[in-house]
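Colleague: I am new to reading protein models, and I would like to go through one slowly with you. Could we take one feature at a time, with the general idea before the case?

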Amino acid sequence: MQIDGKTFLITGGASGLGAGTARILSQAGGHVVIADVDTVHGQEVAAALNGQFVKTDVTRSEDIEECLAVAKSSYGGVHGVVNCAGIGIARRTLSRSGPHPLDLFERVIDVNLIGTFNVVRLSAAAMAQQEAWEDNERGAIVMSASVAAFEGQIGQAAYSASKGGIVGLVLPLARELARFGIRVLAIAPGIFDTPMLGLLPDDARASLGAQMPFPPRLGQPQEFGQLVRHIMENVMLNGTVIRIDGALRMQPQ
Ligand SMILES: NC(=O)c1ccc[n+]([C@@H]2O[C@H](COP(=O)([O-])OP(=O)(O)OC[C@H]3O[C@@H](n4cnc5c(N)ncnc54)[C@H](O)[C@@H]3O)[C@@H](O)[C@H]2O)c1
């Protein structure tokens, strides 16, 4: 699809990879709807890009319906969806404080996996109703997986399971939605410099960056955004997971 004049719903768009993607798509002439639980930063990003912000918890269907309604009333529909809302935790399955709390595991699956599916199912319903363009395309959906889907580290059981679930969703979704002209892909980032990582001290971030074969640094949100832009533009990309990781393969810890 041509980005110029199209509309993109970006969950988690208040921060990190989502905000970087919103900037890239907006620079290319796209309209952006930022959907996030973080009102302060969400409004800032949307205002800077002349877009819309909708306070959204991806686990709440009514919030997502509201985003889609805003996209329709402001810009006539939604052509691309980028799922960047997510949370991370580090907790061992067995630690000195006992077994992994089940509610923490459930929360990560709820936001990262069920929340993403919730956005996909409702967005696909909206996209299926709209006019197709070149190649009979009606929309493209990108989900955020992680290299942790493939090389989960110690302490990442919940996070890796949630991202493995995203990898498992890609092909059945792409196959099911093909008849509506909707593409579905996932991106599996390595280690990117975002507020999610910002909780780590500088030396820990530098040491993580140095583990990347090339380039030996953390990824930047705009590099993720550039990949999203290419996915949106290239109609032959569908039903696959693309790693963007500087050849990183995560070690057990
Ligand atoms: N940064 C990395 O190195 C990295 C690597 C692999 C995968 N990822 C994935 O990429 C995605 C974006 O990560 P990031 O690094 O930009 O993180 P981030 O913390 O900077 O941004 C995540 C955003 O999601 C929002 N959010 C959290 N829960 C939400 C909910 N229930 N509903 C709506 N919004 C919610 C947060 O408010 C925040 O703005 C996540 O899914 C993350 O797991 C990140």
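Colleague: Let me begin with a single residue: is glycine 5 buried or exposed?

Modeller: Please keep in mind throughout that this is a predicted model. To judge burial, one counts the other C-beta atoms within 10 Å of the residue's own, and a residue with 12 or fewer is called exposed. Glycine 5 has 12 other C-beta atoms within 10 Å, and therefore glycine 5 is exposed. As for its place, glycine 5 lies in the segment before strand S1 (7–11), and its C-alpha is 9.5 Å from that of serine 26, although the two are 21 residues apart in sequence.

Colleague: What does the chain come to in helices and strands, and what share of its residues is buried?

Modeller: The secondary structure of the chain amounts to 8 helices and 9 strands, and buried residues make up 43% of the 253 residues.

Colleague: How does the radius of gyration of the chain agree with that of a compact globule?

Modeller: The idea is to set the value for the chain beside the one expected for a compact globule with that number of residues. For 253 residues a compact globule would have a radius of gyration near 18 Å, and because the chain has 18 Å, the two agree. Along its principal axes, the C-alpha trace spans about 55 × 35 × 35 Å. One can also ask how far apart in sequence the contacting residues are: of the contacts with a separation of 6 or more, 71% are between residues 24 or more positions apart.

Colleague: Now for the helices: how do H1 and H8 pack, at what angle and how far apart?

Modeller: One reads the angle between the two axes together with the distance between them. Helix H1 (residues 16–27) and helix H8 (residues 221–233) pack at an angle of about 55° with their axes 7 Å apart, and H1 and H8 are therefore oblique to each other. H1 passes H8 in a right-handed crossing. Among the residues that meet are Leu17, Ala19 and Ile24 in H1 and Phe224, Gly225 and Val228 in H8, and the residues of this contact divide into 7 nonpolar, 6 polar and 2 charged.

Colleague: Are H4 and H5 oblique or roughly parallel to each other?

Modeller: Angles under 35 degrees count as roughly parallel. H4 and helix H5 (residues 157–177) pack at an angle of about 20°, with their axes 9 Å apart, and H4 and H5 are therefore roughly parallel to each other. Their crossing is right-handed. Taken by class, the contact of H4 with H5 has 15 nonpolar, 4 polar and 1 charged residues.

Colleague: At roughly what angle do the axes of H3 and H4 cross?

Modeller: The axes of helix H3 (residues 61–75) and H4 cross at roughly 40° and come within 10 Å, and the crossing of H3 and H4 is right-handed. The contact is made by Ser61, Ile64, Glu65 and Leu68 of H3, together with Asn118, Val119, Leu122, Ser123 and Ala126 of H4. These residues divide into 5 nonpolar, 3 polar and 1 charged.

Colleague: Let us turn to the backbone: what is the phi of aspartate 135 near?

Modeller: In general, most residues other than glycine have a negative phi, and most peptide bonds are trans. Here, phi of aspartate 135 is near 65°, a positive value in a residue other than glycine, and asparagine 136 likewise has a positive phi, near 65°. Aspartate 135 lies in the loop between helix H4 (102–128) and strand S7 (139–144), and asparagine 136 is also found in the loop between H4 and S7. Aspartate 135 counts as exposed because it has 11 C-beta neighbours inside 10 Å, and asparagine 136 is exposed with 10 other C-beta atoms within 10 Å.

Colleague: Which residues does a cis peptide bond join?

Modeller: A cis peptide bond joins phenylalanine 214 and proline 215, with omega about -5°, and proline 215 lies in the loop between helix H7 (202–210) and H8.

Colleague: As a last case, where is aspartate 38 found, and how many other C-beta atoms lie within 10 Å of aspartate 38?

Modeller: Aspartate 38 is found in the loop between strand S2 (31–36) and helix H2 (39–48). With 19 other C-beta atoms within 10 Å, aspartate 38 is partly exposed. Leaving aside neighbours within four places in sequence, aspartate 38 is in contact with Ala14 and Ser15. The C-alpha atoms of aspartate 38 and serine 15 are separated by 8.6 Å, while the two residues are 23 residues apart along the chain.

How values were computed. Residues are numbered from 1 along each chain as its sequence is written. This is a predicted model: local features need pLDDT of at least 70, side-chain atom pairs count only at pLDDT 80 or more; totals for chains, interfaces and linings use all residues. Helices (H or I, at least four residues) and strands (E, at least two) are DSSP runs, numbered from the N terminus. The radius of gyration is taken over C-alpha atoms; the globule rule is 2.2 Å times the number of residues to the power 0.38. A residue is buried if 20 or more other C-beta atoms lie within 10 Å of its own, exposed if 12 or fewer, and partly exposed in between; C-beta atoms are placed from the backbone. Two residues are in contact if their C-beta atoms, placed from the backbone, lie within 7 Å. Axes are lines fitted to C-alpha atoms, for helices over the stretch in contact, and angles run from 0 to 180 degrees between N-to-C directions. Angles under 35 degrees count as roughly parallel, over 145 as roughly antiparallel, 65 to 115 as roughly perpendicular and the rest as oblique. A crossing is left-handed if the near helix is turned anticlockwise from the far one by less than a right angle, and right-handed if clockwise. Ala, Val, Leu, Ile, Met, Phe, Trp, Tyr, Cys and Pro count as nonpolar, Asp, Glu, Lys and Arg as charged, and the others, Gly among them, as polar.
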